[in-house]
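Please open the model in a viewer and keep the sequence at hand. The tour below proceeds by selection, with a note on what is found at each stop.

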Amino acid sequence: MTDSRSEPAALRAVRDALRTVPALLYLAVCAALLVWAVVVSAGDNPDASLAGVVPLLATAPVSLVLLALPDHLSMVFVAVGLGALVNAVLIGWCARALRRGRRTGSGPLA
């Protein structure tokens, strides 16, 4: 087992953010969208070419920036995966900050 005090604060913050329920739900939705896009794209229907846009938009803006990577099918998975991870960390950080604010009672004044 590792001691949590020996790891850098940034890694601890990322780990704590990814443990929140909203961040985990977001990652699950992004994974489901990616699987759906692969399954639909493998089919023989006319709308299959736009199926890959849905996971990219769900993980924007990071995934859109990463589309500048070399033109290969695996780069779409990298873009969506990294975009989902960055967004999940931000969602988890916001959820933790809101929860912490509710506990301390430091909310907006009425």
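How many salt bridges does the count come to? The count comes to 1 salt bridge. To see it, select R15 and D16 in this predicted model: their side chains meet at 3.4 Å, N to O. R15 has a relative accessible area of 27% and is therefore partly exposed, since that class lies between the buried limit of 20% and the exposed limit of 50%.

**The whole chain**

Next, display the whole protein chain as a cartoon. It contains 5 helices and 0 strands, and its pattern along the sequence reads α-α-α-α-α. Of its 110 residues, 23% count as buried. If the surface is switched on, the accessible area comes to about 7800 Å², and carbon and sulfur atoms account for 70% of that area. Among contacts with a separation of 6 or more, 57% join residues 24 or more positions apart.

**The nonpolar core**

Now select A23, Y26, C30, A84 and A88. These 5 residues form the largest nonpolar core. Two or more of its residues come from each of α2 and α5, the latter spanning residues 73-104. Helix α2 gives the most, with 3 residues.

Keep Y26 selected and show its surroundings. Beyond residues up to four places away in sequence, Y26 touches A58, T59, A84, N87, A88 and I91. Two of these, A84 and A88, are also members of the core.

**N87 and its polar partners**

Move from Y26 to N87, which is placed in helix α5. Is N87 buried or exposed? Its relative accessibility is 10%, so N87 counts as buried, the limit being under 20%.

Show the side chain of N87 as sticks and look for two polar approaches. One is a polar contact with the side chain of Y26, at 3.1 Å. The other involves the backbone oxygen of A60, which lies 3.1 Å from a polar atom of the N87 side chain. When neighbours within four places in sequence are set aside, the residues in contact with N87 are Y26, A58, T59, A60 and P61.

**L33 on helix α2**

Return to helix α2, which covers residues 21-42, and select L33 within it. The relative accessible area of L33 is 22%, which means that L33 is partly exposed rather than buried, as the buried class requires a value under 20%.

Which residues are in contact with L33, leaving aside its neighbours within four places in sequence? They are V54, P55 and A58. Draw a distance between the C-alpha atoms of L33 and P55: the two are 5.6 Å apart in space, although 22 residues separate them in sequence. A58 deserves a second selection here, as it also appears among the contacts of Y26 and of N87.

**A nonpolar surface patch**

For the last stop, show the surface again and colour L50, V53, L57, L64 and L67. Together these residues make a nonpolar surface patch of about 460 Å². Begin with L50, found in the loop between α2 and α3, where α3 comprises residues 53-58. L50 counts as exposed because its relative accessibility of 58% is over the 50% limit.

Conventions:
Residues are numbered from 1 along each chain as its sequence is written. This is a predicted model: local features need pLDDT of at least 70, side-chain atom pairs count only at pLDDT 80 or more; totals for chains, interfaces and linings use all residues. Side-chain values use heavy atoms; hydrogens and water are left out. Helices (H or I, at least four residues) and strands (E, at least two) are DSSP runs, numbered from the N terminus. Buried means under 20% relative accessible area, exposed over 50%, partly exposed in between (1.4 Å probe, protein chains only). Contact means heavy atoms within 4.5 Å. A nonpolar core is a set of buried Ala, Val, Leu, Ile, Met, Phe, Trp, Tyr and Cys residues joined through side-chain atoms within 4.5 Å. Patches are made of residues with over 30% relative accessible area and no salt bridge: like charges are joined within 9 Å, nonpolar side chains (Val, Leu, Ile, Met, Phe, Trp, Tyr) within 5 Å. Accessible areas come from the Shrake-Rupley method with a 1.4 Å probe; for residues, only the protein chains shown count as cover. A salt bridge is a side-chain nitrogen of Lys or Arg within 4 Å of a carboxyl oxygen of Asp or Glu. A polar contact is a pair of N or O atoms within 3.5 Å; within protein, one must be able to donate a hydrogen and the other to accept it, and residues adjacent in sequence count only if both atoms are side-chain atoms.
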